[in-house]
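Open the model in your viewer and keep the selection box at hand. The stops below say what to pick and what to look for.

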Amino acid sequence: MSTLQAVTLDQVVDTDRYPLSDPESPEARAVVARARRELAEAGCTVLPDFVRPSLHRVLRQECAALAPHAYFDVETVNVYNIDVDADLPEHHPGRRTFERGNAFVARDRIPGNALISRLHAHESFRRFVADCFGLSRLYELADPLSGLVLNVVRPGTEHPWHFDTNEYTVSMLTQEAQEGGSFEYCPNIRSADDEHFDDVRDVLDGRGARRPERLPLRPGDLQLFKGRYSLHRVSPVRGALARHSAIFAYSERPGVIGSVARTRQLFGRVLPEHLAAEGRAVRGDQLLD
């Protein structure tokens, strides 16, 4: 993991296209304006080759070396990540279940000098992401396990339809699957005050007017996504290669730590920080998940 110890942010990021250190420049303003427009219209934007192509191989190799540390446990889930045995009405979309086979490498398994760690912790990167989302400031998630993760989808598995707990999702593909592994989503299918259960059910049943969109992604692309309100999935992976993607977790509030139940579900363990924070979570809406 020592290949990047002497590499600066300007060498990692294509700062000619994405001038992180000069947010007032015309180039930076244009990138941010486009990102805000696409996020408002489609709930998603992609910044191609955010990491310089010369470092794509390093990005892939570093994350591939981390993948064996992923916590893997196939489980039955629904799109809301609530109890699949919950007492729900007969036609509620939460009654539809899927096998979740993706796995996560936790933050405490990712070295601080890895490329994705350096990006995640860099103030200029965090400020740039906040600007794209139209926020005055973002904080690193304080969670010692989910603040930065590598999502691993092995051949024969998928990350099925779901909503994110956080409103703002920042991710980067680091290795493409040989086949499958497409990112599919239905932008803004629900809002903070309306679940739109009928629309969600129609998507799960493959009918209705809301057709999922498929987003082409390549290693090194930075994806900004409003996953709280957009139903999304990674389609089944096939072939010999797993799909790897880094997920950078931020919050509008400092000190945010995940729940004990959700943390144990994703990582198979909890730390004292999770136990100490239990019951103190503040929700910004009343959505199921």
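This is a predicted model. Begin at helix 7, residues 260–267. Show its buried side chains: Val260, Thr263, Leu266 and Phe267. Now look down the axis of helix 7: these buried residues fall within an arc of 140 degrees, so they line one face of the helix. Next, add what covers them. The cover includes strand 3 (98–100), strand 4 (103–105), strand 6 (148–153) and helix 8 (272–277). Then select Gly268, which follows helix 7. The phi of Gly268 is positive, near 75 degrees.

Stay with helix 8 and pick Ala277, which lies in it. Is Ala277 buried or exposed? Its relative accessibility is 13%, so Ala277 counts as buried, the cut-off being under 20%. Draw a distance from the C-alpha atom of Ala277 to that of Val260. The viewer should give 8.6 Å, for two residues 17 apart along the chain.

**The six-stranded sheet**

Select strands 1, 12, 8, 15, 6 and 4. In that order they form an open sheet of 6 strands, with antiparallel pairing. Which strands are at the edges? Strand 1 (44–47) and strand 4 are the edge strands, and each pairs on one side only. Neighbouring strands of this sheet are turned against each other by 25 degrees on average, direction ignored.

Zoom in on strand 8 (residues 169–175) and strand 15 (residues 243–248). They run antiparallel and are joined by 5 bridges. For one pair to label, take Gln175, which stands opposite His244 in strand 15.

**Helices across this sheet**

Add helix 3, residues 56–66. Helix 3 lies across strand 4, strand 6, strand 8 and strand 15. Its direction makes about 95 degrees with strand 8.

Now add helix 5, residues 123–132. Helix 5 lies across strand 1, strand 8, strand 12 (222–225) and strand 15. The angle to strand 12 is about 45 degrees.

Keep helix 5 on screen and bring in helix 2, residues 26–42. How do packed helices get described? Two numbers serve: the angle between their axes and the distance between the axes. Here helix 2 and helix 5 pack at an angle of about 50 degrees, with axes 8 Å apart. That angle makes helix 2 oblique to helix 5. Show the side chains in the contact. From helix 2, select Val31, Val32, Ala35, Arg36 and Leu39. From helix 5, select Phe128, Asp131 and Cys132. Colour them by class: the contact has 6 nonpolar, no polar and 2 charged residues.

**The four-stranded sheet**

Move on to strands 7, 13, 10 and 11. They make an open sheet of 4 strands in the order 7-13-10-11, with antiparallel pairing. Strand 7 and strand 11 (213–215) are the edge strands, each pairing on one side only. Neighbouring strands of this sheet are turned by 15 degrees against each other on average, direction ignored.

Centre on strand 13, residues 231–234. Which side chains point which way? Leu231 and Arg233 point one way, His232 and Val234 the other way. All of them are buried. In a regular strand the side chains alternate between the two faces of the sheet.

Step to strand 7 (residues 159–162), which runs antiparallel to strand 13 and is joined to it by 2 bridges. Label His159: it stands opposite Val234 in strand 13. Then step to strand 10 (residues 183–186), which runs antiparallel to strand 13 with 4 bridges. Pick Glu184, which stands opposite Arg233 in strand 13. In strand 11, the bridge partner of Glu184 is Arg214. Strand 10 and strand 11 run antiparallel and are joined by 3 bridges.

**Last stop: helix 6**

Helix 6 packs on this sheet, touching strand 7, strand 10 and strand 13. Its direction makes about 25 degrees with that of strand 13. Select residues 197–204 and show the buried ones: Val200, Arg201, Val203 and Leu204. Why are these on the same side of helix 6? They cover an arc of only 160 degrees around the axis, which puts them on the same side. The buried residues of helix 6 pack against strand 3, strand 7, strand 10 and strand 13. Finish at Gly206, which follows helix 6 and has a positive phi, near 70 degrees.

Conventions:
Residues numbered from 1 in each chain as written. Predicted model: local features only at pLDDT ≥ 70, side-chain atom pairs only at ≥ 80, totals over all residues. Heavy atoms only, no water. Buried < 20%, exposed > 50% of the residue type's maximum accessible area, 1.4 Å probe, protein only. Arc of directions from axis to C-beta. Contact = heavy atoms within 4.5 Å. Pairing = 2+ DSSP bridges. Axes fitted to C-alpha atoms, helices over the stretch in contact; angles between N-to-C directions. Parallel < 35°, antiparallel > 145°, perpendicular 65-115°, else oblique. Nonpolar A, V, L, I, M, F, W, Y, C, P; charged D, E, K, R; others polar.
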